[in-house]
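Reader: I am in my first year, and I would like to take a close look at one part of this structure before I try to picture the rest. Could you begin with the residue I ask about below and then lead me outward from there?

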Amino acid sequence: MTTPPAADAATRAVRASRLAAQGLDEGFPSPAAAIDRLVCVQAQDLAAAKWVLGARVPGSDEEAIDAAIDAGQLLRSWPMRGTLHFVAPQLFRPILQLTAERVLQRAATIHRREGIDDEVAARARTVAVAELEGGRSATREELQAAWERAGIPIEGQRGYHLLWRLANEGLLCCGPIETRARQRFALLDEWSPAAPGSALDDEEALARFFLGYARGHGPVSVRDFAWWGGLTMAQARTGVAAAGDTVTAFDGERFVAADAAPVPDAPAGRQVLAPFDEYFLGYGDRSAFCTEADALRVVPGKNGLFLPLLIADGEVVGTWKRRPPRRGAVGIEVTAFDAMPALDEFRPAFERWASFWSLELAELDRAS
């Protein structure tokens, strides 16, 4: 395989635990259950993020994910790392409380360059509330047109940065489905109201955040948590300490949720995963399931674009892409890493992917 033969019992145990934590062994009963476990799923590519969840919910299809979005069970916004994610609604505000200040500080230079100061943001906020209050929603273009009518320029990336800032300030979020790849915008407090008595102090929020991360991704280290959550190391350490006995040591540096179910010693299964899937993206240290050389093949040129993945027994063994439909069926081209299992072993997983998208699957071929 692509990791060293010293992918010994300890490494296999990490893989098996992570597959189980992420629902890639037996799955979850619903999209809501999947996001409750994973807490956050990177979702700047909405269609890809739907399959991140679909791969973990046996028998689901795109319609089931869309229904969960429209029911408010999956909230999509910018909770961390300055990037769109699906996020468990009950944890969105506590996470934003921990992350928004640093994210907005890092964006200050760009916002100054775009001419977005506190006064402009306040005016944009007033317009957005007037457009959306009362349970209404709007497309990005409709909101930007309203700002332009109010004398707030939106040329270039300015309109996007206003949306992003107001979302990080807790005003806006993504709302109803518009198309396969787009949602409309809504007011956060109307689309996903805060539960009574749900406010937490920072230490409590960090404890909940780390417990959720460990439960849905474990075993994880403090550094994994800091990277994944866009936190400082000090915040990450506080979260681990505050989580107390709700988490337990897995090995010398990693933790799992204390209520995690026992898992097999050896990982098993074949998975077809989306680009930006949490199984790869959810860790700062990916050495347990992918060599450094193969990680560069997943993110060619370190350009920030992650390719779709093939997983065998918990290890990243290749990438894949769909071919244009031919005679109504979609073929798949696979780029195999060293010693990837026989391609036919992945066909059931590709059949599941095709069913999710209501597609007919054609041939699977290795890239020449």
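Is Phe-276 buried or exposed, and what is its relative accessibility?

Author: Please keep in mind throughout that this is a predicted model. Phe-276 counts as buried, because its relative accessibility is 10% and the word is used for residues under 20%. The residue sits in the loop between β9 (270–273) and α14 (278–281), and its backbone deserves attention as well, since Phe-276 has a positive phi of about 65 degrees although it is not a glycine. To see what makes that worth noting, one needs a general point: most residues other than glycine have a negative phi, and most peptide bonds are trans.

Ser-358 is a useful residue to set beside this one, for it too is not a glycine and has a positive phi, here of about 60 degrees. Ser-358 lies in a loop as well, the one between α16 (347–356) and β13 (360–366). Its surroundings, however, are described by the opposite word: with a relative accessible area of 66%, Ser-358 is exposed, because that word applies over 50%.

The peptide bond between Gly-218 and Pro-219 is also of interest, being cis, with omega at about 10 degrees. Pro-219 belongs to the loop that runs between α11 (202–217) and β6 (220–221). Further along the chain comes helix α12, residues 222–229, which is mostly covered, with six of its eight residues buried. Those six are Val-222, Asp-224, Phe-225, Ala-226, Trp-228 and Gly-229. After α12 comes Gly-230, where phi is positive, near 65 degrees.

Another covered helix is α3 (residues 46–54), and it is largely enclosed by the rest of the structure, because nine of its nine residues are buried. The list includes Leu-46, Trp-51, Val-52 and Leu-53, and Lys-50 also appears in it. At the N-terminal end of α3, Asp-45 acts as a cap, with a side-chain oxygen 3.3 Å from the backbone nitrogen of Ala-47.

From Asp-45 one can step across to Cys-173, which is 128 residues away along the chain, while the two C-alpha atoms are separated by 16 Å. Cys-173 is part of strand β4 (residues 172–179), and with a relative accessibility of 0% it counts as buried. If residues up to four places away in sequence are set aside, Cys-173 touches Leu-75, Arg-76 and Ser-77 on one stretch of the chain, and Arg-184, Phe-185, Ala-186, Leu-188 and Trp-191 on another.

Arg-184 and Phe-185 come up again when one turns to Thr-139, because Thr-139, a buried residue with a relative accessible area of 8%, touches Glu-178, Arg-182, Arg-184 and Phe-185, once residues up to four places away in sequence are left out. Thr-139 is found in the loop between α7 (118–132) and α8 (140–149). Its C-alpha atom is separated by 7.3 Å from that of Gln-183, although their positions lie 44 residues apart along the chain.

Arg-165, in helix α9 (residues 158–168), shows how a charged side chain can be placed in this model. Arg-165 is buried, with a relative accessible area of 11%, and its side chain makes polar contacts with two others. One of these, of 2.7 Å, joins it to the side chain of Asp-118, and another, of 2.8 Å, leads to the side chain of Glu-169. Beyond its neighbours within four places in sequence, Arg-165 is in contact with Leu-104, His-111, Ile-116, Asp-117, Asp-118 and Ala-121.

With these parts in mind, we can step back to the whole. The protein contains 16 helices and 13 strands. Its radius of gyration is 21 Å, close to the 21 Å that the globule rule gives for 368 residues, so it is as compact as a globular protein of that length. Of those 368 residues, 54% are buried, Phe-276 being one of the buried residues. Among contacts with a separation of 6 or more, 67% are between residues 24 or more positions apart. The accessible surface comes to about 16000 Å², and 51% of this belongs to carbon and sulfur atoms. Finally, there are 40 positive and 50 negative side chains, and the centres of the two sets lie 4 Å apart.

Conventions: Residues numbered from 1 in each chain as written. Predicted model: local features only at pLDDT ≥ 70, side-chain atom pairs only at ≥ 80, totals over all residues. Heavy atoms only, no water. Helix = DSSP H or I, 4+ residues; strand = E, 2+ residues; numbered from the N terminus. Rg over C-alpha atoms; globule rule 2.2 N^0.38 Å. Buried < 20%, exposed > 50% of the residue type's maximum accessible area, 1.4 Å probe, protein only. Contact = heavy atoms within 4.5 Å. Areas by Shrake-Rupley, 256 points an atom, 1.4 Å probe, with all protein chains shown as cover. Lys, Arg positive; Asp, Glu negative; His and termini not counted. Charge placed at Lys NZ, Arg CZ, Asp CG, Glu CD. Polar contact = N/O pair within 3.5 Å; in protein donor to acceptor, adjacent residues only side chain to side chain.
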